[in-house]
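Reader: I am new to reading protein models, and I would like to go through this one step by step. Could you show it to me before I begin asking?

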Amino acid sequence: MLKQHPTARFILQRGGWYLLTFFVAVAINFLLPRLGSANPVDIIMGRSSSGLSAEAAKEKEESYLKEFGLVKLDASGKILHNAAGKPIKRSTLEQFGNYVLMTFHGDLGTSFQKYPKKVTDVILQAVPWTIALQLPTIVLGWIIGNVLGALAAYKRGIFDKIFFPFAILLNSLPFFVFGMLLVYYFSVVLGWFPAMGGYAGELIPSFSLEFLGSAAYHYALPFFSIFLILAGGQAIGMRSMGIYELGTDYVKYAQWLGLKESRILAYIFRNAMLPQLTGLALSIGTMIGGALITEMIFSYPGLGMAMLTAIQNNDYPVIQGVTLIITTCVLIANFSVDILIGFLDPRVKAGLQMGGN
Amino acid sequence: MRVTKLSVSGLPVALTVALSLLAGCKGNSAKDAGGFPRDQTLYLGGSQWGDPSTFNPLAESWQAAWPVGDRFNLMYEPLINYNSQTGQVEPLLGSLVSKSNDSIVIELNPAAKWSDGKPVTSEDVKFVYDLGRKYKDAATAYVTEFISQINVAKVGNTERLSFLVDKKGRNNPLVILDLLQAVRIVPAHIFQPLLDKNNGDLSAVKKLKVDSVPVVSGPYNLKTYSNQKIVLERRDDYWGNAALHAGQKPGPKYIIHPIFKDNNAFAIALQQGDLDASQTYIPRISVKAKDGVGTWYKKAPYFVPGSIPMLIINVTKEPLNDKAFRRAMAAAINYGDIKELAVSGYANDLKPGLIMPAGLEAKYYNEADAKAHAVAMGAASAKKILADAGYKSVFKADGSLDYMTDKTGKKLPSLSIKSPAGWSDWEAMIKIAVKSMREAGIDVREGFVDASLYWPAKPSGDFDILMDKPSASVTPSLPWSRFEAVMSSRNWAACGKSMNENQGRYNNPKAADYNPKVDSLLKAIPLLSDESALKKAYAELNDIFLDDQPAIPLVYLPEQFYEFSTKTWTGWPTEKNPSAPPQLPWVSAGIKTLWNLKAK
């Protein structure tokens with residue numbers, strides 16, 4: 001039946017693959033932190049047991065193991081021990097089952113390191129900062145970068161000769177170095193901008209003009225630290241694509257036909273745009289993972305930092321929670337790109353109608 | 001050629017203009033706007049790094065957010081305070097009446113009140129100290145190893161608490177003194193009902209965040225917090241204003257701890273005057289004096305030494321089981337370079353042994369004695385010790401060390417120093433130590449590992465050499481606690497099992513070469529009160545340490561990097577004005593600084 005609806009078939013087929021990818025990714029995310037030798041309770045004990053007697057340390061360790069649900073309990077809630085007197089740990093498979101069950105109930109568990117904080121709280125607090133830091137940067141950087149790149153490709157000449165090396169310079173600059181330079185010059189030397197934080201120290205987040213103003217003021221340096229480099233990269237990509245398209249046969253043919261220049265340009269940019277569009281969707285999808293180093297330099301409390309501290313402490317629930325969000329976003333972004341390209345690029349649709357994938 | 005105006009020099013200029021426009025429209029107005037006026041607000045930093053998780057005073061110290069947990073006195077208070085500068089015990093909720101090998105007696109201050117108006121009583125004290133007897137997972141469970149019983153007597157209208165030394169247990173009145181200034185008293189009339197409501201389940205109560213109008217006894221209380229900062233507000237009805245501070249209120253109405261993610265952020269904020277005090281490592285602090293950044297001493301070493309980072313040696317491994325090899329390592333390290341290059345010269349010169357030759361411990365340090373037992377310093381001395389013990393170092397053609405052999409000609413494994421990756425001051429120390437040891441022909445390498453591998457390796461002895469800073473806080477029990485942490489075989493367990501002191505497995509009680517003197521001295525010192533006997537015992541212990549070298553101290557570091565800015569607040573304690581110890585004004589006796597601070 002779906003033969004008559006190639007678009008629906010395409011979406012379903014893709015969706016199926018993505019669902020499979022999702023499950024594999026979740027399983028890997030679950031398994032990876034557990035493959036290492038260090039378990040979170042060992043880390044906590046190494047940090048907090050100094051000076052305790054062996055007996056007291058053992059009791060404390062067992063109370064953590066129980067609290068974090070890493071050991072088997074009997075009916076009365078006591079820890080089961082093996083013959084050697086060691087607590088019996090729950091197997092990874094059992095933990096996985098428990099995790100999947102809880103996730104379906106919307107419960108991502110409790111952080112070990114930020115105990116008794118819920119993982120959902122950790123994520124909800126960090127996500128707005130991550131999105132606020134990156135979404136405007138990515139969108140604006142993409143638009144301006146592409147416009148400049150297209151101009152450079154079309155105009156060439158002196159504009160391109162100066163613009164292109166400059167864009168390459170920007171693009172090859174690591175953005176954390178650029179960020180630190182910005183902090184040094186505009187914050188330490190000139191003192192125009194705050195060096196760190198998401199808003200002024202004396203404010204409490206609210207929807208007041210004052211708070212939003214302060215947030216925007218604090219946003220200036222982090223914004224430019226990513227924006228310029230991103231725009232540079234986009235411009236380079238757009239420029240090369242544009243130049244490539246300019247040399248293709250269909251452009252020459254259109255020129256021989258005597259089509260209007262604006263019409264030809266529209267064709268060129270529609271085609272040159274495709275990979276750029278994919279790039280945009282992907283960056284928005286991966287954005288949720290956080291711009292770790294920018295977050296560190298500017299002390300933005302985003303997801304990147306949350307993830308880093310979680311990994312350093314083998315905080316399983318937070319690692320799982322954050323990777324679950326990242327996986328979901330990346331897959332959704334990829335899926336949308338696939339669908340979008342299907343609509344925008346007639347070649348894909350044509351391929352489908354002819355019975356391809 | 002329509003858009004050709006953007007040139008190479010044009011873009012940075014455009015950027016500067018754009019940024020200056022943004023700066024212009026906001027200007028510096030953001031600096032003094034908002035609910036917390038700058039001249040009433042004290043900005044402190046360096047204690048909270050991640051977003052705050054809980055303000056529950058019953059939570060473990062590492063879990064609780066600043067200023068709950070640890071030795072922080074702003075919200076919850078201990079019975080007594082220890083002044084790390086004078087060595088005196090100072091009164092807080094109570095005062096020290098007497099101290100003997102049988103008991104330590106504390107008198108509660110009858111004026112002490114909770115923020116809900118109820119008095120602080122012996123019930124509150126007993127509640128928190130006895131929690132560990134009922135619940136093994138209580139944060140204070142370990143106190144039961146030291147205190148057998150708490151007796152309460154009424155003298156007039158004051159309550160006297162006798163903390164009886166558990167003679168069958170650890171028999172250690174010295175540590176009880178540590179505990180009395182470390183355990184914060186919590187309101188029993190709040191937490192007992194919470195426990196009852198949860199059917200006596202402590203872990204359920206520990207899960208509560210206690211972050212909304214908590215009942216506290218301290219001079220400040222939690223106002224609000226987010227993942228960017230923690231805000232405290234002064235309690236103008238704090239009982240101690242009248243009882244301890246002659247009716248004065250602390251200077252700052254608000255205390256804000258911004259949460260930054262890296263050391264540099266604190267350094268910049270301090271330099272810009274956005275932060276009033278910090279406890280983070282800032283290189284080249286003297287350059288920042290022109291920006292109003294001050295330290296305890298105006299000149300080097302700037303800070304007061306308080307702790308000793310050291311290499312803990314796993315003496316069960318070959319060739320580290322050989323005393324001569326360990327002494328050769330100690331001889332080879334260039335301590336001068338570590339002091340100058342790794343910690344910016346923020347330290348006194350290192351003297352041999354585990355006793356610091358400065359501050360309160362100096363009276364136990366015996367220069368002549370230490371010299372007699374310490375190994376002669378320098379690469380030549382190290383090479384001689386190695387040669388005498390039959391070790392050979394084989395160098396490559398380019399002069400770098402290839403490998404070592406022992407006296408039988410067997411090739412020795414390369415040794416690694418385990419230390420958490422990213423702890424930059426420790427990394428710098430280790431790099432210098434490794435360089436000087438390799439030059440002397442000792443095959444040692446850096447082993448920087450993730451913190452998640454470092455912490456579990458420590459108690460289980462899973463290392464050749466471990467970087468550590470035992471007894472990092474200045475407490476009444478120093479230097480005993482440092483010796484205990486490095487040399488005690490009280491809980492000896494083989495590698496693989498966990499040991500919470502002496503992780504290098506020194507002095508195995510079951511081995512033929514066991515030296516019972518070490519453990520007997522460690523047991524005896526806490527019970528000694530005669531100064532000359534103490535001096536003798538410490539000297540003996542230090543001699544054994546130097547002879548056997550189970551660890552190698554690298555440098556002295558301050559307990560805290562206490563740095564302040566005089567841009568907004570003045571009255572900070574310094575060498576010239578020692579009104580409080582060199583601590584941030586939330587730690588122990590450092591809290592007195594709050595009453596001395598004046599806004600400019």
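Reader: How many bridges join strand 9 of chain B to strand 10 of chain B?

Author: This model is predicted, and in it strand 9, residues 229-234 of chain B, runs antiparallel to strand 10 of chain B. Within this pair, B:L232 stands opposite B:I255 of strand 10. The number of bridges that join the two strands is 5.

Reader: Which strands are the edge strands of the sheet in chain B?

Author: The open sheet is formed by 7 strands with mixed pairing, and their order in chain B is 8-9-10-1-11-22-12. An edge strand of this sheet pairs on one side only. The edge strands are therefore, given that each pairs on one side only and that two strands pair if DSSP finds at least two bridges between them, strand 8 (220-225) and strand 12 (293-294) of chain B.

Reader: How many residues of chain B are in contact with chain A?

Author: On the side of chain B that touches chain A, the elements that give two or more residues include strand 1 (41-45), strand 10 (254-258) and helix 13 (451-460) of chain B. By class, that side has 29 nonpolar, 19 polar and 15 charged residues. Chain A takes part with 62 residues, and the number from chain B is 63.

Reader: How far apart do the C-alpha centres of domain 1 and domain 3 of chain B lie?

Author: Chain B is divided into three parts, among them domain 1 (4-53 + 218-299 + 559-599) and domain 3 (305-558). The contact between these two takes 7 residues from domain 1 of chain B and 7 residues from domain 3 of chain B. Their C-alpha centres lie apart by 37 Å.

Terms used: Residues are numbered from 1 along each chain as its sequence is written. Chains are lettered from A and ligands numbered from 1 in the order in which they are written. This is a predicted model: local features need pLDDT of at least 70, side-chain atom pairs count only at pLDDT 80 or more; totals for chains, interfaces and linings use all residues. Helices (H or I, at least four residues) and strands (E, at least two) are DSSP runs, numbered from the N terminus. Ala, Val, Leu, Ile, Met, Phe, Trp, Tyr, Cys and Pro count as nonpolar, Asp, Glu, Lys and Arg as charged, and the others, Gly among them, as polar. Domain bounds come from an automatic or database domain assignment.
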